[in-house]
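Student: I'd like to learn how to read a model like this one, feature by feature. Can we look at it together?

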Amino acid sequence: MVDPEGQNMLFRGQPEQKDLMIRTLSERLNEKDEAITDLKETVKDLKETIAGLQETLNEFRRKLFGTGSGKTKQDEKAGETGTIAVKSHKRTTRKAKAAREDQYGNLPVRREVIPLPEEDKHCPYCNSLMGYVTGTFVREELRIAPAKVERVHYYREKWRCPECGKDGDGTFAGSKAPAALIPRSPASPSMAAYVAMEKTGPAMPYYRQEFLMKQPGFTLPGETMANRIIYVAGNCFHPVYNLLHEELLKRDLAHADETACRVPREKGRTAEQTSCMWLYTAGNDGPAPVALYDYQPSRKGACAQDFPEGFHGLAQCDGYQGYNRLEDVMPVCCPAHARRKFFGAVPAAGRKKPRLLDINSDVAVGDAGLPDEEEAKQLPAAETGPLFRNKLFYPERTLKDPDTEERKRRRAVLEQPVRDRFRNRPDTLHPTGGSKPGKAVNHARNHHDTLMNYLPDGRCGIPDNRAERKAKSYAAGRKAFLFHTSGAGAGAVMYSIVETAEADNLNIFQYLCTVLLYMPDYMNSSAGIEQLMPWSEFIKEQCSGLTDVESNVPENRIPLPPRQQRN
C-alpha cells in the first residue's frame with residue numbers, strides 16, 4: 001500500500017516537483033476541457049450540416065415527386081371537387097366559366113347566311129314559290145388566318161414639266177419614300193414588331209421562330225432576327241425606355257426585385273459566371289404603370305444603387321441589403337417573402353396546418369386565429385411565421401378599395417397589435433443554425449422593422465407582387481432561351497416596353513409596330529417621343545383595339561398630333 005503520509009513527506013522536501021506536477025495536471029485538465037468544447041462544437045456543426053442536407057434532400061424529393069411549395073393535399077383535391085370543407089365554413093374552389101362575350105366579344109363578326117337551294121324554294125305540296133321569312137342563328141365558330149408575308153417594293157414617282165422642257169431644260173418633281181426602319185435591310189415595322197413580341201411575350205426563341213417563318217414560304221435566320229432586335233432596341237425603343245426611367249424616378253413608391261441570367265459571350269467574363277436582370281416597377285401612386293428591366297453583370301449592391309439613383313420614396317423589395325445604399329429611400333421589406341421562408345421550412349407532412357393566405361384570391365376564407373402565449377411557445381419555429389403573417393394578410397383582403405388614408409388608419413387598428421405581438425417572437429425561437437427554420441427566423445429578426453414599413457403608408461401593398469410578376473415573366477423566357485448570346489441589354493429594353501404596354505392594357509403588337517413606324521423620323525424629337533409613350537392619348541387610340549396591319553404601314557401613316565400636357 002502507498003503511504004499518503006510518506007508521499008507528503010516526499011513532497012515536503014521537493015516543493016518544486018509538487019508545483020510542477022500540479023501545473024501539469026492543471027494543463028491537462030484545461031486541454032481536456034478544450035477538447036470537450038471542440039467536440040461539442042463539432043457535434044453541433046455536424047448536426048446543423050445533417051439538418052441542412054436532410055432539408056436539401058427533402059426539397060429535391062418534393063420537387064421530383066411532390067407538389068409545389070405552396071400546394072397542399074387539399075389544393076390537389078380542390079381540382080377534383082367543387083367545395084372543400086374547412087372547419088366551420090365551405091369555400092368554392094372553381095370560378096364561374098367566362099362567357100363567350102367576355103372571351104372574344106371584341107372580335108369582328110362576319111354574318112354567313114347559308115342560302116336555301118333553288119330546288120327547295122318551291123312548296124312540295126303545291127309547287128308555289130315560297131317567300132323569305134327570316135334567318136335563324138345556328139352556331140358560331142372562330143376562324144384564324146395564318147401569318148401572311150409579302151414583299152413590298154417601293155418606287156418613287158418622277159414627274160417633269162412639259163412647258164419647261166420645250167426650252168431644252170426641265171423641271172422635275174419626285175415623291176418621297178418613307179424612311180427605312182433599318183438601313184439596307186428589308187425589315188419593316190410589322191416584321192420587327194412581330195419578332196420582338198414573339199421573343200418577349202410568349203418567350204419564343206429565335207430558332208423556333210425560324211422554324212415558323214418557313215411555313216409562309218421564306219427563310220429568316222435566327223441570327224438575323226437577333227441583330228435586328230438589338231438594332232431597334234438600341235435605336236427605336238431606347239428613347240421610350242429612357243422616358244420610362246425618368247417617370248419611375250419621379251414616383252414616390254417603387255418595387256424592386258432581381259433574378260439571375262447568363263451571358264456566356266460577354267467580354268471579360270467566363271461562360272460560367274452568372275449575371276443579373278434587375279426589375280423595377282412603379283407603384284400605384286402615379287397615372288400610368290411602369291415596368292423596367294436593367295441588365296447588370298453582377299448582383300452587387302452598386303447595381304441596385306446606380307439605376308434608381310435620384311429616386312426618393314418607398315422601395316418595396318425582398319430585403320436585399322443592396323437597396324439600403326440608396327439615399328432618401330425607405331426600404332419596405334416584403335412580408336410575403338418572410339412568410340414564404342417560414343412555410344418552406346415546415347416539413348411536408350405538416351404543411352396542411354399553416355396555409356398560405358392569398359389576399360388577391362376570390363375564395364372566401366375565415367379569419368386566421370392566433371394561438372395564445374402558452375400555445376405559441378409549443379409551436380415549432382417554422383409554423384410561427386405563417387400563422388402571424390396570415391393574421392396580417394387577412395385584413396388586407398378587405399383593404400383594396402379604401403383610399404390610402406383610410407387604409408393607413410384601418411391598418412393601425414387591425415394589424416398594429418399583431419405586429420407588436422410578433423415583435424419579440426423571433427428572439428424566443430432558437431432553431432438549428434443554418435437550417436431552413438434558422439434562416440427564416442434570422443430573416444424575420446434582421447428585417448423586422450423594414451417588414452413593417454408598409455404600415456405607415458397606405459399606398460404600400462403587403463406583398464411585393466408587382467416586381468415578382470415581372471421577374472416571373474422574364475424567368476419564363478429564360479427557361480426557353482436559356483441564355484443571352486450578346487443582347488442582354490437589348491432584352492432588358494424589350495421586356496420593359498412589352499411589360500409596360502401590357503400593364504397599360506395596350507395591344508402589344510400594335511404598340512411595338514406603331515413605335516417602329518414613327519421612330520425613324522422622330523427619334524430626335526422630344527415631342528414626338530412623348531406622343532409614342534404608352535400613356536399618350538394617341539397611343540391609347542391607336543393601340544387599344546384589334547391588330548391592324550393593313551392601314552398601319554409607313555406609306556399611309558397619319559401624322560403625330562402635337563404634344564399634349566399630361567394630367
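Tutor: Sure, let's start with a single pair: G313 stands opposite V329 in β9. Before going on, keep in mind that this is a predicted model, where local features need pLDDT of at least 70 and side-chain atom pairs count only at pLDDT 80 or more, while totals for chains, interfaces and linings use all residues. Residues are numbered from 1 along each chain as its sequence is written, and side-chain values use heavy atoms, with hydrogens and water left out.

Student: Fine. How many helices and strands does the chain have?

Tutor: The chain has 21 helices and nine strands. Both kinds are DSSP runs numbered from the N terminus: helices are H or I with at least four residues, strands are E with at least two.

Student: Back to that pair, then. In what sense do β8 and β9 pair?

Tutor: Two strands count as paired if DSSP finds at least two bridges between them. Here β8 and β9 pair in the parallel sense, with five bridges. β8 also runs parallel to β5, joined to that strand by three bridges. You can find two of the partners by eye: L253 is bridged to L314 in β8, and A254 to A315 in β8.

Student: What about β5 and β6, parallel or antiparallel?

Tutor: Antiparallel: β5 (residues 253–261) and β6 (residues 275–282) pair over eight bridges. C261, for instance, has S275 in β6 as its bridge partner. Put it all together and you get an open sheet of five strands, ordered β7-β6-β5-β8-β9, with mixed pairing. β7 (291–296) and β9 (329–333) are the edge strands, each pairing on one side only. From one strand to the next, the twist averages 25°.

Student: Which strands of the sheet does α8 touch?

Tutor: α8 packs on the sheet and touches β5, β6 and β7, with a direction at about 105° to that of β7. Two terms to pin down: contact means heavy atoms within 4.5 Å, and angles run from 0 to 180 degrees between N-to-C directions, with axes being lines fitted to C-alpha atoms, for helices over the stretch in contact.

Student: Are β5 and β8 covered or not?

Tutor: Covered, mostly: eight of the nine residues of β5 are buried, and so are five of five in β8 (residues 313–317). Buried means under 20% relative accessible area, exposed over 50%, and partly exposed in between (1.4 Å probe, protein chains only). Across the 567 residues of the chain, 38% are buried.

Student: Now helix against helix. At what angle do α6 and α8 pack?

Tutor: Two packed helices are described by the angle between their axes and the distance between the axes. For α6 (residues 189–200) and α8 (residues 222–250), the angle is about 100° and the axes are 10 Å apart. That makes the two roughly perpendicular; the bins are under 35 degrees for roughly parallel, over 145 for roughly antiparallel, 65 to 115 for roughly perpendicular, and oblique for the rest. M191, A192, V195 and A196 of α6 meet M225, R228, I229 and V232 of α8. By class, that contact has seven nonpolar, no polar and one charged residues. Ala, Val, Leu, Ile, Met, Phe, Trp, Tyr, Cys and Pro count as nonpolar, Asp, Glu, Lys and Arg as charged, and the others, Gly among them, as polar.

Student: And how many residues of α6 are buried?

Tutor: 10 of its 12. These buried residues of α6 pack against α7 (206–213), α8, α17 (465–481), α18 and α19 (508–522).

Student: What span should α18 have at 1.5 Å a residue?

Tutor: The expected span is 1.5 Å times one less than the number of residues. For the 16 residues of α18 (residues 488–503) that gives 22 Å, and the end C-alpha atoms are 22 Å apart, so the two agree. Since 13 of those 16 residues are buried, α18 is largely enclosed by the rest of the structure. Just after α18, N505 has a positive phi of about 60°.

Student: One last residue: why does R466 count as partly exposed?

Tutor: Because its relative accessibility is 32%. R466 sits in helix α17, and its C-alpha atom is 8.0 Å from that of G283, 183 residues away along the chain. Leaving aside neighbours within four places in sequence, R466 contacts H255, T281, A282, G283 and N284.
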